[in-house]
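Dear colleague,

Please find the structure below, with its sequence. I would be grateful if you could look through it alongside the notes that follow.

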Amino acid sequence: MEISQYLVAAGLAGVAGNQADATVRRVFRSVVDRWRERGGEDSAALTIEEAADTARAAVSVAWDRPVEEFTVISAERSLDGSWHMCVLPPPELSAGGRPLARVHIPPGDPENASIEVVWRSDG
């Protein structure tokens, strides 16, 4: 089993502004805007839709592929409001076994979040 890790530590705005394409920037900005429109407090959790969009965009940045190519297959919210999501890449990226991304998204302002992406492959 191979495990690799990627940390999107600059916060959504920093990553989207520096490393991602226009679609990823749009997705990240949409998540931040929706969270703020709900009156998000510093410790408020993202909705499942916001977390799924964040997970797909973070994986997209990690693999430098379009957001639309990734699929969230499971989501679990912890008591502290953080999300743990499993994301599948497109089949053509699965040479030697299809990797699975496990994404941890903390609660609070998504613009300042540190999002952890851990890849697992049995290939």
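The notes below begin with the chain as a whole and then turn to one pair of helices.

Please bear in mind that this is a predicted model. The chain has 123 residues, of which 43% are buried. Its accessible surface comes to about 6300 Å², and 47% of that area is supplied by carbon and sulfur atoms.

As regards secondary structure, the chain contains three helices and five strands. Their order along the sequence is β-α-α-α-β-β-β-β. Considering contacts between residues at least 6 apart in sequence, 51% join residues at least 24 apart.

The pair of helices concerned is α2, residues 22-37, and α3, residues 48-63. Their axes come within 9 Å of each other and cross at roughly 150 degrees. Angles over 145 degrees count as roughly antiparallel, and α2 and α3 are therefore roughly antiparallel to each other. The crossing of the two helices is left-handed.

The residues that make this contact are as follows:

- From α2: V24, V27, F28, V31, R34 and W35.
- From α3: E49, E50, D53, T54, A57, A58, S60 and V61.

By character, the residues of the contact between α2 and α3 comprise eight nonpolar, two polar and four charged. The charged residues include R34 of α2 and E49 of α3, while the nonpolar ones include F28 and W35 of α2.

With kind regards

Methods: Residues numbered from 1 in each chain as written. Predicted model: local features only at pLDDT ≥ 70, side-chain atom pairs only at ≥ 80, totals over all residues. Heavy atoms only, no water. Helix = DSSP H or I, 4+ residues; strand = E, 2+ residues; numbered from the N terminus. Buried < 20%, exposed > 50% of the residue type's maximum accessible area, 1.4 Å probe, protein only. Contact = heavy atoms within 4.5 Å. Areas by Shrake-Rupley, 256 points an atom, 1.4 Å probe, with all protein chains shown as cover. Axes fitted to C-alpha atoms, helices over the stretch in contact; angles between N-to-C directions. Parallel < 35°, antiparallel > 145°, perpendicular 65-115°, else oblique. Left-handed = near helix turned anticlockwise from the far one by under 90°.
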